[in-house]
Amino acid sequence: MAARPEYSPRERLLGWSRDRPALAAGAVLALGVLALVAAKGVHDVAQTALYGLSLGSIYALGAVGLTLVYGILKLVNFAHGDLLTFGAYMAYLANISIGLPVAVALLCALIATAALAVLFELTMWRPMRGKGAGLFQLMLMSIGLAFLIRSVVQFIWGGQVKELDVDTTSTVQFLGLRIGETELVVIIIGFVVLSAIGLMLRLSTLGKQMRAVSDDLDLAETAGIDTRRVIILTWVFAGALAGLAGVLAGATQTVEPNLGFELLLAIFAAVILGGIGDAFGALAAGIVLGLVIELSTLVFDAQWKLVVGFVVLILALIIRPQGIFGKAKAI
Amino acid sequence: MLPFALEFSAFTDAGFWVGVGVFAGTYVLLALGLQLNVGFTGISNFGQAGFMAVGAYTMGVLTVESGFSFWLALPLSIIAAMLFGILVGLPSLRLREDYFAITTLAAAEVVRISARNLKDVTNGSEGLSCSQTGDFVCFDDTWRDVSDGIESFLQSLGWSDPESLIPLLLVVWGFVIVLTIVLKRITDTPWGRVLRAVREDEDAARALGKNPLVYKLQSLAIAAAIAAVAGWFLAFNIASIAPTEFLPIFTFFAYAVLILGGLASYWGLIVGSAILWTLLEATRFIELPIDADQEAALRYAIVGLVIILLMAFRPQGMFGKREEMVLGE
């Protein structure tokens with residue numbers, strides 16, 4: 001009988017957290033929140049966390065589409081942020097310029113952004129895949145596209161800040177907490193849509209096909225999946241979600257040409273944290289990142305939000321580049 | 001009357017070409033580092049504007065706020081940019097190419113946002129400007145003296161009235177030529193061959209006992225150092241150091257230069273930069289009924305289009321060698 005190797009408590013803890021990265025991350029997060037509660041009180045923390053949920057919904061909606069495209073097409077789409085911008089401006093066009101109600105404007109924005117995403121797939125990404133373009137070529141092309149979309153938006157609507165016709169002053173009170181009506185609507189829409197996405201990916205045939213294609217495109221094709229159709233539908237899905245995220249961001253903040261790009265790096269952080277190609281991971285990581293970034297304002301000034309997101313990204317890269325939900329593998 | 005009337009007189013104006021020349025030279029410098037990274041090492045550094053910002057701000061803050069000598073601040077700013085490059089590279093260069101691209105882009109944004117937020121040190125979004133009148137210290141005081149020296153030297157040679165930017169033009173292009181030759185030579189050394197080996201096949205390089213991470217970090221640090229030099233010249237040119245001068249898009253101005261010129265071709269960068277900046281500066285002289293926002297949008301759209309079209313139809317650029325190009329698997 002072989003002697004069992006002796007592990008020190010430290011090694012045992014490290015081994016445990018390596019096997020259960022999501023639990024370990026949750027434990028670290030819980031400790032951080034507890035420390036904040038001890039320092040700032042339950043009320044402040046809960047109040048800030050509410051706004052964190054609103055920001056997190058926006059990140060999660062952006063991240064799900066980005067991670068699916070990333071996983072399925074191996075395309076690091078730096079133009080994803082500008083799809084959000086485009087969505088926000090489409091809502092502005094329908095809501096303010098034409099005068100439709102916000103809910104209708106939201107639908108218009110979803111459809112228009114999904115159509116734009118499909119248009120780029122047909123005119124750029126599919127031909128480039130046909131040519132066998134490499135990762136760098138596609139990355140750089142998506143950046144060129146990002147600047148092109150933003151310039152067209154800025155050319156048409158100018159650089160000034162715009163606002164959608166939403167109520168930004170009324171608040172709702174419950175349990176002694178106060179939240180803006182718009183933020184509450186954002187949280188509700190975000191959670192309903194995100195749950196629907198989760199169910200769709202888990203249960204529907206299309207969702208299973210998407211995940212299969214994301215795992216291994218060639219294998220999925222061999223298994224009889226119409227990958228072309230799945231890819232187009234993935235773009236519809238990614239575009240619509242990006243449009244939705246853009247409108248929600250535009251409703252809670254303001255509409256400006258840089259709206260999407262300023263969210264993009266945090267969305268990328270959520271994608272990496274959740275494990276590239278993992279829609280559930282992106283969804284959870286988006287919400288967590290929103291919470292962490294918003295809670296950080298209790299400690300640091302709000303103008304450092306983006307830097308906090310970056311620090312989380314760097315920590316994730318050092319500790320677990322395959323994402324907190326990803327399987328252990330070399331990257 | 002034509003709304004699109006072009007002022008052709010602008011193109012015969014020496015001042016226009018001197019302006020184009022200074023910008024073009026600065027962006028050749030910025031793209032030189034990218035050539036070493038992308039063309040020879042195969043790492044996609046998307047944060048070159050951030051390294052340029054670290055260089056410019058270190059130079060500016062040390063001379064204006066801390067009272068350092070200009071000549072000491074210059075090498076220190078290079079060291080700062082290199083250290084920042086290593087700091088960013090250490091966690092991200094071990095990983096796949098795309099992680100590195102995202103991290104460098106994010107790092108550059110962190111530099112820019114920090115510069116905007118640290119108002120006590122960097123004067124926030126207004127930045128360090130030399131345009132105020134009166135008697136005060138600015139980062140370019142010593143540079144002005146050098147520039148005046150060069151100008152009077154040119155006058156003593158019989159050039160009666162050189163443009164005020166001519167000295168800067170000469171110094172920038174002097175750096176371009178020297179650094180191009182230096183980079184060309186070091187990429188032909190055994191060290192340069194290891195870089196290419198890392199680009200072609202990391203595992204093979206590792207099997208031969210070369211640690212790819214070390215070589216990638218060196219490549220990145222050198223690119224950051226050259227970006228710092230480009231940062232000085234940008235600051236001297238517009239007499240200010242402000243966050244908006246280091247937006248991520250300026251990294252991709254340099255990428256447009258890089259792929260116009262061609263991957264793995266150092267001299268191509270000069271042609272690429274000359275073409276891009278003639279195109280960009282010429283937009284100022286096309287009389288379109290548009291405002292300043294739209295004009296800026298037009299310039300960004302040109303850069304975006306140049307990048308998309310080149311990547312689609314000629315990814316190796318004008319003078320690039322296809323066999324030297326590794327664009328993913």
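**Confidence, fold and chain contact in a predicted complex**

Chain B of this predicted model has a mean pLDDT of 86, with 91% of its residues at 70 or more. That confidence is not spread evenly along chain B. It bottoms out in helix α1 (residues 9–12) of chain B, where the mean is 66, and peaks in helix α11 (residues 212–238) of chain B, at 94. As a rule of thumb, coordinates should not be read in detail where pLDDT is low. For the complex taken together, the predictor reports an ipTM of 0.85 and a pTM of 0.88.

Turning to chain A, the count comes to 13 helices and 2 strands. Its radius of gyration is 21 Å, close to the 20 Å from the globule rule for 331 residues, so chain A is as compact as a globular protein of that length. Measured out along the principal axes, its C-alpha trace spans about 75 × 55 × 35 Å. Half the chain is tucked away, in that 50% of the 331 residues of chain A count as buried. Among contacts in chain A with a separation of 6 or more, 76% come from residues 24 or more positions apart.

Helix α12 (residues 279–296) of chain A is a good place to look at this burial. This helix has 18 residues and runs 25 Å from first C-alpha to last, close to the 26 Å expected at 1.5 Å a residue. It is also mostly covered, with 17 of the 18 residues of α12(A) buried.

Then there is the nonpolar interior. The largest nonpolar core holds 220 residues, and the members that touch the most others are A270(A) and I307(B). The top contributor to this core is α11(B), which supplies 17 residues. Setting aside neighbours within four places in sequence, A270(A) makes contact with Y59(A), A60(A) and A63(A), and also with A282(A), A285(A), G286(A) and L289(A).

Finally, there is the contact between the two chains. Chain B puts in 37 residues and chain A puts in 35. On the chain B side, the elements giving two or more residues are α4 (70–92), α5 (97–117), α12 (248–261) and α14 (292–313) of chain B. Of these, α14(B) gives the most, at 13 residues. Sorted by class, the side of chain B that touches chain A comes out as 23 nonpolar, 8 polar and 6 charged residues.

Note on methods
Residues are numbered from 1 along each chain as its sequence is written. Chains are lettered from A and ligands numbered from 1 in the order in which they are written. This is a predicted model: local features need pLDDT of at least 70, side-chain atom pairs count only at pLDDT 80 or more; totals for chains, interfaces and linings use all residues. Helices (H or I, at least four residues) and strands (E, at least two) are DSSP runs, numbered from the N terminus. The expected span of a helix is 1.5 Å times one less than its number of residues. A residue is buried if 20 or more other C-beta atoms lie within 10 Å of its own, exposed if 12 or fewer, and partly exposed in between; C-beta atoms are placed from the backbone. pLDDT is the predictor's confidence in each residue, from 0 to 100. A nonpolar core is a set of buried Ala, Val, Leu, Ile, Met, Phe, Trp, Tyr and Cys residues joined through C-beta atoms within 7 Å. Two residues are in contact if their C-beta atoms, placed from the backbone, lie within 7 Å. The radius of gyration is taken over C-alpha atoms; the globule rule is 2.2 Å times the number of residues to the power 0.38. Ala, Val, Leu, Ile, Met, Phe, Trp, Tyr, Cys and Pro count as nonpolar, Asp, Glu, Lys and Arg as charged, and the others, Gly among them, as polar.
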